[in-house]
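User: I would like to go through the labels attached to this model one by one, and to hear for each what value stands behind it.

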Amino acid sequence: MSDNPQTEDDLQTYNTLLQLWQAENPIKTIKLQFLLATNAGLLGFLSLGNGNTTLLATGGFVLNVVWLLSIGRTSLFQKAWKNKLDDIAQRHCDDTRFQILNITSAEKRAPAWLRVIGGVSSRYYLLGTPTGLALAWLATALLLI
C-alpha cells in the first residue's frame with residue numbers, strides 16, 4: 001500500500017503512542033497489587049494490636065492517599081495517550097491500521113456475562129480502591145483516638 005508522507009508519519013506516531021498506552025497497563029496492575037498486599041499487611045499488624053495502632057492507621061491513610069495519586073497519574077498518562085491515538089484515528093477513518101483500538105463490534109460478540117464483568121471501567125477500581133481504603137484507614141484512626 002502506497003501512502004502519502006503524512007499518513008506514514010501518522011502511522012509511526014500512532015504506533016509509538018500505542019506502545020506508550022499499552023505500557024501503562026502493567027504499571028497500573030502492579031500498583032494495584034502492591035496496594036492490596038500492603039493494606040493486607042497493615043491490617044494484620046493492626047489486628048495484633050501491639051504498639052500505637054492510631055499511628056499505624058494514620059500511616060495506612062497516608063499510604064493510600066499517596067497510592068491514589070500515583071495510580072491517578074498513571075491513569076492520566078494512559079488517558080492522554082489514548083486521546084492522542086483517537087485524534088490520529090479520526091484523521092484516518094478509512095484506514096484499518098488506525099482503527100485497531102476500535103473494538104466495539106468485537107466486544108459485542110463476547111459472552112454477555114463477560115461483557116458485564118469486563119465492562120467495568122478500570123478507573124472505578126483503580127481509583128476507587130485506594131480512595132475507599134484511605135477513608136477506611138482514616139475512620140479507623142479516628143475511632144482509635
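Analyst: What follows takes up helices, salt bridges, burial and the largest pocket in turn, and the model is a predicted one.

User: How do you know that the span of H1 agrees with what is expected of a helix?

Analyst: The 44 residues of H1 should span 64 Å at 1.5 Å a residue, and because the end C-alpha atoms are 66 Å apart, the two values agree. Helix H2, residues 53-91, can be treated in the same manner: with 39 residues it reaches 57 Å from its first C-alpha to its last, close to the 57 Å expected.

User: What makes Asn-4 a cap of H1, and what is found at the start of H2?

Analyst: A side-chain oxygen of Asn-4 lies 2.9 Å from the backbone nitrogen of Gln-6, and since a polar contact requires a pair of N or O atoms within 3.5 Å, that distance meets the cut-off and Asn-4 caps the N-terminal end of H1. At the start of H2, a side-chain oxygen of Asn-52 reaches to within 3.2 Å of the backbone nitrogen of Thr-54, which also satisfies the 3.5 Å limit. As for what comes after H1, the helix is followed by Gly-49, whose phi is positive, near 70°.

User: Why is the pair Asp-10 and Arg-91 called a salt bridge?

Analyst: The side chains meet at 3.1 Å, N to O, and because the cut-off between a side-chain nitrogen of Lys or Arg and a carboxyl oxygen of Asp or Glu is 4 Å, the pair qualifies. This salt bridge links distant parts of the chain, with Asp-10 in helix H1 and Arg-91 in helix H2, 81 residues apart. Asp-10 has a relative accessibility of 6%, and it therefore counts as buried, the limit being under 20%.

User: How many salt bridges does the rule give, and what makes Lys-82 and Asp-86 one of them?

Analyst: The count comes to three. Lys-82 and Asp-86 meet at 2.7 Å, N to O, which is within 4 Å, so the label applies. Both residues lie in helix H2, four residues apart, about one turn of the helix. In general, an α-helix has 3.6 residues a turn, so residues three or four places apart point the same way. Asp-86 has a relative accessible area of 31% and is therefore partly exposed, in between the 20% and 50% limits.

User: Why is Asp-95 called buried while Arg-97 is called partly exposed?

Analyst: Asp-95 has a relative accessible area of 12%, which is under 20%, so it is buried; Arg-97, at 28%, falls between 20% and 50%, and so counts as partly exposed. Their side chains meet in a salt bridge at 2.7 Å, N to O.

User: Is Thr-53 buried or exposed, and how does Leu-76 stand by the same rule?

Analyst: Thr-53, found in helix H2, has 17% relative accessibility, and because this is under 20% the residue counts as buried. Its C-alpha is 9.1 Å from that of Thr-140, although the two are 87 residues apart in sequence. Leu-76 also lies in helix H2, but its relative accessible area of 55% is over 50%, so it is exposed. Leu-76 and Glu-24 are 52 residues apart in sequence and 9.8 Å apart in space, C-alpha to C-alpha.

User: What lines the largest pocket, and which residues lie nearest its centre?

Analyst: The largest pocket, with a volume of about 670 Å³, is lined by 20 residues, of which Trp-21, Lys-28, Ser-121, Ser-122 and Arg-123 lie nearest its centre. The elements that give two or more residues to this lining are helix H1 (5-48), H2, helix H4 (112-118) and helix H5 (122-144). By class, the lining has seven nonpolar, seven polar and six charged residues.

Note on methods. Residues numbered from 1 in each chain as written. Predicted model: local features only at pLDDT ≥ 70, side-chain atom pairs only at ≥ 80, totals over all residues. Heavy atoms only, no water. Expected span 1.5 Å × (residues − 1). Polar contact = N/O pair within 3.5 Å; in protein donor to acceptor, adjacent residues only side chain to side chain. 1 Å grid on protein atoms, 1.4 Å probe; cavity = no way out; pocket = protein on both sides within 12 Å on 5 of 7 lines; lining within 4 Å. Points joined across faces, edges and corners; volume = space filled by probe spheres on them. Nonpolar A, V, L, I, M, F, W, Y, C, P; charged D, E, K, R; others polar. Buried < 20%, exposed > 50% of the residue type's maximum accessible area, 1.4 Å probe, protein only.
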